[in-house]
Each structure stands twice: as structure tokens, then as C-alpha cells.
Amino acid sequence: MVEDSRQACQKVGGAITRVFELLGKRWTGLIVAVLMQQPVYFADLRRAIPGISERMLSDRLTELALAGLLVREVDEGPPLRVSYRLTEAGKALGPALHELGLWAESYLPEGSSRC
């Protein structure tokens, strides 16, 4: 019986592995969700996500930019300000994030988080 279940179990596909390697990191999904609404300055983004440090936000933004999901834009100022906006690839995550939110409303009641 155990032998049969081992044969039925398949490896996780490469595409879904890549998705969770990027979006499964703490804070990343929240950053993308905030940016879905509009381009946002760094300071405003940090305020929108309570608990995230400047360093962590900077690291996650860099990862998302390298993955082609967002663009960093510098406003010459003064003062010098940096904003972030999603690329078309980043915006394409919208329907998936919406569906995940609906799923969470149904299956993850408020207060069930371990954080």
C-alpha cells in the first residue's frame, strides 16, 4: 500500500517552485498587494506594511525588481524620492492575489495567523 502511494506522488513542478521561492518569502506578497493599487514612494510603502524594517523592504524590493515584477523610479526632487511601480508582469499577479484573498476569507478565519 505504501509503495503505491509513493508512485502516485509526483515532484512539484518547476514553475510553482519558482513562484513560491519568490512570493513565499515574508513580506513579498504584502509589498506586491500594496503596489497593485498604485505606484508608491518607499516611505509610504514602509508605512503601509507595519513591522517591516527598511532593510527588509529594500531587500524585497530589489528581489522583485530583479524578477522583473517592479520598477524603481527616482524623482530628482528636492527632496530626492524613490517610488516603485509594478511592471506588466507584476500587475498580472492581480487575479491570483485576488483569488488567494477570497480563499483566505473562506478558509483562514481572522486570528488564525501564527505571526
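Reader: Let's start at the end of H5: which residue follows H5, and what is the sign of its phi?

Author: Keep in mind that this is a predicted model. Right after H5 comes Gly68, with a positive phi near 80 degrees.

Reader: And how do I check the length of H5 itself? What should its 13 residues span?

Author: Count 1.5 Å a residue, over one less than the number of residues. For H5, residues 54–66, that gives an expected 18 Å, and the end C-alpha atoms are indeed 18 Å apart, so the two agree.

Reader: Which residues of H5 are buried?

Author: Look for relative accessible area under 20%. Leu57, Arg60, Leu61 and Leu64 pass that test. They sit on the same side of H5, because their arc around the axis is only 100 degrees. On the face turned away from that buried side you'll find Arg55 and Leu66, both exposed.

Reader: What covers the buried residues of H5?

Author: The cover includes helices H2, H3 and H4, plus strands E2 and E3.

Reader: Okay, on to those strands. How do E2 and E3 pair?

Author: Check the direction and the bridges: E2 (residues 70–75) and E3 are antiparallel, with six bridges. Val74, for one, stands opposite Val82 in E3. The two strands make a hairpin with five residues between them, and Gly77 in the turn has a positive phi of about 75 degrees.

Reader: Which strand does E1 join?

Author: E1 is joined to E3 by two bridges, again antiparallel, and Tyr41 stands opposite Ser83.

Reader: Where is Pro39?

Author: In the loop between H3 and E1. Pro39 and Ser83 are 44 residues apart in sequence, yet their C-alpha atoms are 6.5 Å apart. Beyond its sequence neighbours within four places, Pro39 contacts Tyr84 and Arg85.

Key
Residues are numbered from 1 along each chain as its sequence is written. This is a predicted model: local features need pLDDT of at least 70, side-chain atom pairs count only at pLDDT 80 or more; totals for chains, interfaces and linings use all residues. Side-chain values use heavy atoms; hydrogens and water are left out. Helices (H or I, at least four residues) and strands (E, at least two) are DSSP runs, numbered from the N terminus. Contact means heavy atoms within 4.5 Å. Two strands pair if DSSP finds at least two bridges between them. Buried means under 20% relative accessible area, exposed over 50%, partly exposed in between (1.4 Å probe, protein chains only). The arc is that of the directions from the helix axis to the C-beta atoms.
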